[in-house]
Amino acid sequence: MYDNSDAIEIQLQENYRFIDEVVVVGYGQQKKGDLTGAVSSVKLGQMKSITASSFNSALAGSVAGVQVTPTSGAPGGGVSIRVRGSSSVQGGNEPLYVIDGFPVYGETFSQLNPGDIESINILKDASATAIYGSRGANGVVIVTTKNGSFNQKTQVVYDGSIGVQSLRKKIDVLNAREFAQLRNDALYDTNPSLGKYQYLSQSEIDALGEGTDWQDAAFRSARVTSHQLTVSGGGSNVRYSISGSYFDQDGIIRNTGFSRFTTRANLDIKLNNKLRLGLSLNGNKTDTDNAPSGIISSLLLMPPTATIYEADGSYTLRNPFENVFANPIASINERIDKTRRYYVLANAFAEWEIIKNLRLKVAFGANISNSKNKSYVPSYIYDGASSNGSASISSSDAYSWLNENTLTYDLRVKRHHSFNFLLGYTQQVNINESFGAGSNDYVTDDLLYNNLASGSVITTPSSSASKHALISYLGRVNYNFRERYYLSASLRTDGSSRFGSDKKWGVFPSVGASWNVANEKFFKPYTKIVSDLKARISYGVTGNQEIGNYQSLSTLSSSRYLFNEETAIGFRPDRISNAELGWETTHQYDAGIDAGLFGGRLNICLDYYYKKTEDLLLDVAIPWTSGYSSSLQNYGSVSNKGFEFTVSSKNFTGKKFSWDTQFNISFNRNKVLELGGGVDSYITSNMSYAYIVKVGEPLGLFYGAVVDGVLQEGEVETKGKFTGQGTPKPGDLLYKDIDGDGTFVSASDRTIIGKAQPDFLFSLTNNFTYANFDLSIFLHGVVGNELHNGTKQSLELFNGQQNADGTARDRWTETNASNTVPRAKLDPAPVVSNRFIEDGTFVRIKNITLGYTFGKRITSLLGINSLRVYASATNPITWTSYSGFDPEVTSGNNTAQQGYDSGIYPVAKSYNFGVNIKF
């Protein structure tokens, strides 16, 4: 008994004291107990078995206050990440990523192998992010890749997995018989005199059967494989890690996919007691087979009475009815759209200890990528028939170089006072170039895109080039008194080429303090219960420069004019200059408590924050006499405030059985405070969606009409004016008269009909071990947000020109006086309404992994150090009332398409089997 309890006590001391964890922060490392800001570390164990092409897509639910939403479920597809809400209306809202010391913004990160990552730390409050100045307003994600250890024996590790992915659910649409009746109804509604069977007779309808299931024809069970080999180790003066990996993911839509070859090398050398050198190098090649644009919508809208092939074996060209679009299966099978990307991220440093505790670090890095897209649309499918074959090639090159120079000094005064000083100067330049060319009208389809000159019609080529730079001075002081009282202050000033001549520079200060109550003498009697207790408070200012290049300058664009029947090229002004264009500035306050109970068996983290973003970068209307309609200016403000709660517990810690739990929940409330210029709101809309940005309300508000039932027989005279139809008929949808003028007009009778932002996010992870078995269950949920189901909006036109949603079975007819589903009609006027705003709440088992680690008897027999096999399921179960493919989806930014789901490539569920071998 004594030996067992003693072993457990050692475990508690080494593993359970969260304040002893070392986390990576801006330009350095700190013990978690020394932090004054809000910094969260991602538990990499729960990410290892999630099928994802990029590490950021696997972050969903991992950290309180961080919302991760896929923008596409396609292999290699992107995600949208929000750290403590959205701070900008028109500027960027994605966090800054720092990969092995190199700041990167706006990447999909499918080029970085998740298996190469050692740690991910997310800086959330301004005390932590202000050291990144103009790029810290949306949070900072610091990614550190794996390295070896000094005095470590060489270790070889192989990780491999193979799995299968599939569509989570199909959309309920009409079969051939149901569609034929719908088309009959729509034609009859337009011209009753021709009878009720203008498309097909009842006997012809009965003979149709189910028809073509376009979803079954397009979707498939898709393979995904991953292989990685890592060699790491080190001696007394050197450590290293070298890896190579291959990831191959077929898409759940046929002829789509993503593959990646990756190599990585990290090297750290101590030349002597004064000088240390380091190198981090990551290179890869990715290949993507892209899905045709709009293919999801086409699959759902294509009538089931149409066939994939004609009787002679050729493709059916298009939808045979009035709404003309291409045969989606022909597009999937025959269109070629390939993207190849080469990517290199390299960073090297030298660190010299000038005198004791005074270190100079100089780092140089480069981020280089080349992307080339090649596409061909053959002449024998509808997409390419009008152009007689169409080919294009485009290429983009991005190059960024970085130089960072930092001076750090550690000072200890009379044992009780510890200081850490940081001074730095950094400069970074980003250069982007692109071009595109193409041609049409090919004699043969055999050459594809390999000979653009063989197309007789040359399309207008395009090219662009841009450059922007950032120069920064930074400083920070960390103070520690007796490991009880901590103070941190930083100051960074940034100069950006993106802003006006009078506002090039911004200053970003921060201050934070914490009190480690558990180290106070008066608290010692309570430490058996509360082993760690720390209070934190911080304030800081950060900026946002993500507005694109040259926005402060007056620019010209080329135009084509026709003079005397000849085309002439000229230039015209397209932007007015603004020398006063400056930073978006975010002020953030944070208060937090970190507590460890029962010797670290239970750890709790609480945070409350408030942040206000001022001088929003907005397009503001200006007098037409200026020659322009709007100008990008600094107006308005937005606030975010919220609460985050994280708890982790060691429920059982026995040698044979253990169980630990991690739970987090976060609440964020976003509000537009001011839009400037006396403006209270503005609307962004088209035929498919509408959003309103309104003072006093959160960003991401859906705007539209409110459905008020269905017009019935005998109500045309009294209620027909609320249908928005010139000639109302029974079966038309009724809408509320919002402005009270006694009629319904779609442009004026609109109101807020939903919000894209959730009430709260949460996740729950339970990890179990029994003997050699391990089991992990990762649950994630988003509650209280709404989604605009644009796909359903298209499917509920009931016009008989395209397929329809399954709700059409209950549509209004003369014999079925529905008060919820409208009638069929040939030419409906689409209205954006609350009918298509759905509850986006979901709870999902994000991942389940069951593993088994073989004992030493087996590993010794095989001549290896360790062997683990596992089976995992990603997204196997989702509880939601949302009727679309998947509730974890978004299309755009804060002013348009946030929470809008229309034709997005669905997120898949997957099942994997894997092995980990250490030699």
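This is a short talk on strands, hairpins and surface patches in one model.

Good morning. One thing up front: the model is predicted.

Let's start with strand β11. It covers residues 222-234. Its partner is strand β12, residues 238-250. How many bridges join them? There are 11, and the two strands run antiparallel. Find Gly 234 on your screen. Its bridge partner in β12 is Arg 239. Now follow the chain from β11 to β12. A hairpin makes that link, through three residues.

Stay with β12. It also pairs with strand β13, residues 257-270. Here 13 bridges join the strands, again antiparallel. Look at Arg 239 once more. In β13, Asp 268 stands opposite Arg 239. So much for the pairing. What about the turn? β12 and β13 form a hairpin too, with six residues between them. One residue in that turn is Asn 255, which has a positive phi of about 65°.

Next, the surface. Which residues make the nonpolar patch? They are Leu 267, Leu 279, Leu 281, Val 344, Ile 368 and Tyr 399. The patch has an area of about 440 Å². Pick out Leu 279. It sits in strand β14, residues 275-289. Is Leu 279 buried, exposed or in between? Its relative accessible area is 38%, so Leu 279 counts as partly exposed. The cut-offs for that class are 20% and 50%.

Now a charged patch. Arg 412, Arg 415, Arg 482 and Lys 521 gather on the surface. Their charge is positive. Take Arg 415. Where does it lie? Look in the loop between β17, residues 390-413, and β18, residues 417-442. Why is Arg 415 called exposed? Because its relative accessible area is 66%, and exposed means over 50%.

Last stop: a sheet further along the chain numbering. Three strands form this open sheet. Their order is β41-β40-β44, and the pairing is mixed. Which strands are at the edges? They are β41, residues 837-839, and β44, residues 900-901. Each of these edge strands pairs on one side only. Strand β40 holds residues 786-789. Two bridges join β40 to β44, and these strands run parallel. One pair to find: Asn 789 has Asp 901 in β44 as its bridge partner.

To recap. Two hairpins: one joins β11 to β12, and the other is formed by β12 and β13. Two patches: one nonpolar, one positive. And one open sheet of three strands. Thanks for listening.

Notes:
Residues are numbered from 1 along each chain as its sequence is written. This is a predicted model: local features need pLDDT of at least 70, side-chain atom pairs count only at pLDDT 80 or more; totals for chains, interfaces and linings use all residues. Side-chain values use heavy atoms; hydrogens and water are left out. Two strands pair if DSSP finds at least two bridges between them. Helices (H or I, at least four residues) and strands (E, at least two) are DSSP runs, numbered from the N terminus. Patches are made of residues with over 30% relative accessible area and no salt bridge: like charges are joined within 9 Å, nonpolar side chains (Val, Leu, Ile, Met, Phe, Trp, Tyr) within 5 Å. Accessible areas come from the Shrake-Rupley method with a 1.4 Å probe; for residues, only the protein chains shown count as cover. A salt bridge is a side-chain nitrogen of Lys or Arg within 4 Å of a carboxyl oxygen of Asp or Glu. Lys and Arg count as positive and Asp and Glu as negative; His and the chain ends are not counted. The place of a charge is taken as NZ of Lys, CZ of Arg, CG of Asp or CD of Glu. Buried means under 20% relative accessible area, exposed over 50%, partly exposed in between (1.4 Å probe, protein chains only).
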